[in-house]
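Thanks for coming, everyone. Please take a look at the screen, and I will walk you through this one.

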Amino acid sequence: MKAYGILIPALNPDEKLLDSIQELLESSVPVQALVVVDDGSDQQAQPIFQRLADMEDERIHILHHEVNRGKGAALKTGFKYILENFPQIQGIATMDADGQHPVDALAACIHQFEKHPQDLIIGARQFTNQIPWRSQFGNVLTRKLVRMLTRQNISDTQTGLRVIPRSYVRQLLSFPGERFEFEFDMLLRARKFQVKITEQPIPTIYLDGNKSSHFRMVRDSVAIYARFLKFAMSGLISFLVDVGLFELMIVLMGKELLGERIIVATIVSRLLSAMVNYTLNHRVVFGKQGRQTVIKYGGLFIIQMFASGYLTDLVTGWLPHSQGSIAPLIAKIVVDFTLFIISYQIQRDLIFKEKRGAD
């Protein structure tokens with residue numbers, strides 16, 4: 001069995017952290033290094049870290065942030081420390097500090113990792129109606145979205161119990177985000193680094209209504225969705241440019257030759273909107289990733305432009321319409337929304353695909 005690093009980010013922990021660590025150290029889990037990152041806890045919590053140090057176990061390593069920097073930052077600090085000091089560790093397990101992850105659940109995830117050492121193993125909690133509503137908030141909203149964006153079936157997007165292969169941990173150090181969005185990004189971008197996500201069912205434990213959670217409903221939810229929201233806003237802006245010019249062209253060209261007007265209006269409006277969309281996606285959404293992006297995007301643009309024109313004409317023919325009706329506009333909205341979803345997949349996986357760093 002491999003040796004593992006255990007990483008626990010902690011903000012104002014209580015006795016449950018000590019109990020969990022004591023149980024873990026006495027278990028058969030092959031722990032080589034147990035790293036606890038104090039993420040700017042207040043003075044009242046410092047005795048907990050002192051008692052942890054008093055255990056005098058050489059596997060325990062305590063790191064401190066002078067101020068609270070966020071869970072993502074604490075994870076990065078711990079990852080960096082383990083990578084630099086324990087070259088033989090090939091899997092790093094993360095756990096929460098509030099006692100929600102029993103040792104048996106960690107052992108089950110490690111067992112899965114032994115069978116799939118290149119996968120990201122996540123401890124998937126089993127949700128019921130008895131789970132506190134704020135703990136279901138992110139999972140209910142993100143489950144289908146993550147499935148669409150990653151094409152991986154992830155039932156628990158916010159679980160803190162994970163076993164991560166060393167090669168992927170190296171990539172994580174360069175990920176943006178300092179708080180809960182970092183954990184979400186870890187799932188969202190796994191496929192880009194050829195990392196499969198494997199779930200291990202674990203029991204769901206919430207203590208005192210999950211009051212110990214430091215998830216901030218509005219700010220952290222916005223941060224989690226930021227990546228998708230940027231792409232959606234980019235698409236919306238270019239969509240408005242496209243649709244506005246399209247309708248203007250239809251009106252200016254008159255009422256004759258409806259089919260030809262649609263194709264010409266589509267070409268003109270799509271040219272300008274494509275310039276807007278490429279600039280926003282390249283610079284803002286995908287962070288200037290990818291190679292030969294102009295050429296690839298140009299090819300996608302040409303295919304999508306003609307598909308939009310001909311499909312809009314086809315759908316318009318199916319709709320009841322008369323001269324001056326808005327049927328072409330309705331058809332274009334339906335067609336372009338479908339093409340928008342397909343275009344995102346292509347841009348993410350082929351055009352603006354992230355460059356892989358060295359393992």
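**Salt bridges, burial and two unusual loop residues**

Arg51 is partly exposed, with a relative accessible area of 42%. Keep that residue in view. We will return to its partner shortly.

One caution before that. This is a predicted model.

Now the overall picture. The protein has 11 helices and seven strands. It runs to 359 residues, and 48% of them are buried. Its accessible surface is about 17,300 Å². Carbon and sulfur atoms hold 60% of that surface.

What about contacts along the chain? Take the contacts with a separation of 6 or more. Of these, 79% are between residues 24 or more positions apart.

Next, the salt bridges. How many does the structure hold? The count is 10. I will show some of them.

Start with Lys16 and Asp14. These two form a salt bridge, and their closest N and O atoms are 2.7 Å apart. Lys16 is partly exposed, at 24% relative accessible area. Asp14 is partly exposed too, at 34%.

Back to Arg51. Which side chain does Arg51 meet in a salt bridge? The partner is Glu15, at 2.5 Å from N to O. Glu15 belongs to helix α1, residues 15-25, while Arg51 sits in helix α2. The two are 36 residues apart, so this pair links distant parts of the chain. Glu15 is partly exposed, with a relative accessible area of 39%.

Now a pair in another setting. Lys332 forms a salt bridge with Asp242. Their closest N and O atoms are 3.5 Å apart. Lys332 lies in helix α11, residues 327-351, and Asp242 lies in helix α8, residues 217-252. The pair therefore ties together parts that are 90 residues apart in sequence. Are these residues buried or exposed? Lys332 counts as buried because its relative accessibility is 0%, and the cut-off is under 20%. Asp242 is buried as well, at 3%.

There is also a network. Lys71, Asp96 and Glu183 are joined into one by salt bridges that share partners.

Lys71 brings us to helix α3, which covers residues 71-85. How far should its 15 residues span? At 1.5 Å a residue, the expected figure is 21 Å. The end C-alpha atoms are 21 Å apart, so the model agrees.

Many names come up when we ask what is buried in α3. Lys71, Gly72, Ala73, Ala74, Leu75 and Lys76 are among them. Gly78, Phe79, Ile82 and Leu83 are also buried there. Some background on helices helps here. An α-helix has 3.6 residues a turn, so residues three or four places apart point the same way.

Last topic: backbone angles. Most residues other than glycine have a negative phi. Which residues here go the other way?

Glu56 is one of them. Its phi is positive, at about 50°, although Glu56 is not a glycine. Glu56 is found in the loop between α2 (46-53) and β3 (60-65). Its relative accessibility is 71%, so Glu56 counts as exposed.

Gln194 also has a positive phi, near 55°, and is a residue other than glycine. Look for Gln194 in the loop between α7 (180-188) and β7 (197-202). Gln194 is partly exposed, with a relative accessible area of 48%.

That is the tour. I am happy to go back to any view.

Methods. Residues are numbered from 1 along each chain as its sequence is written. This is a predicted model: local features need pLDDT of at least 70, side-chain atom pairs count only at pLDDT 80 or more; totals for chains, interfaces and linings use all residues. Side-chain values use heavy atoms; hydrogens and water are left out. Helices (H or I, at least four residues) and strands (E, at least two) are DSSP runs, numbered from the N terminus. Buried means under 20% relative accessible area, exposed over 50%, partly exposed in between (1.4 Å probe, protein chains only). Contact means heavy atoms within 4.5 Å. Accessible areas come from the Shrake-Rupley method with a 1.4 Å probe; for residues, only the protein chains shown count as cover. A salt bridge is a side-chain nitrogen of Lys or Arg within 4 Å of a carboxyl oxygen of Asp or Glu. The expected span of a helix is 1.5 Å times one less than its number of residues.
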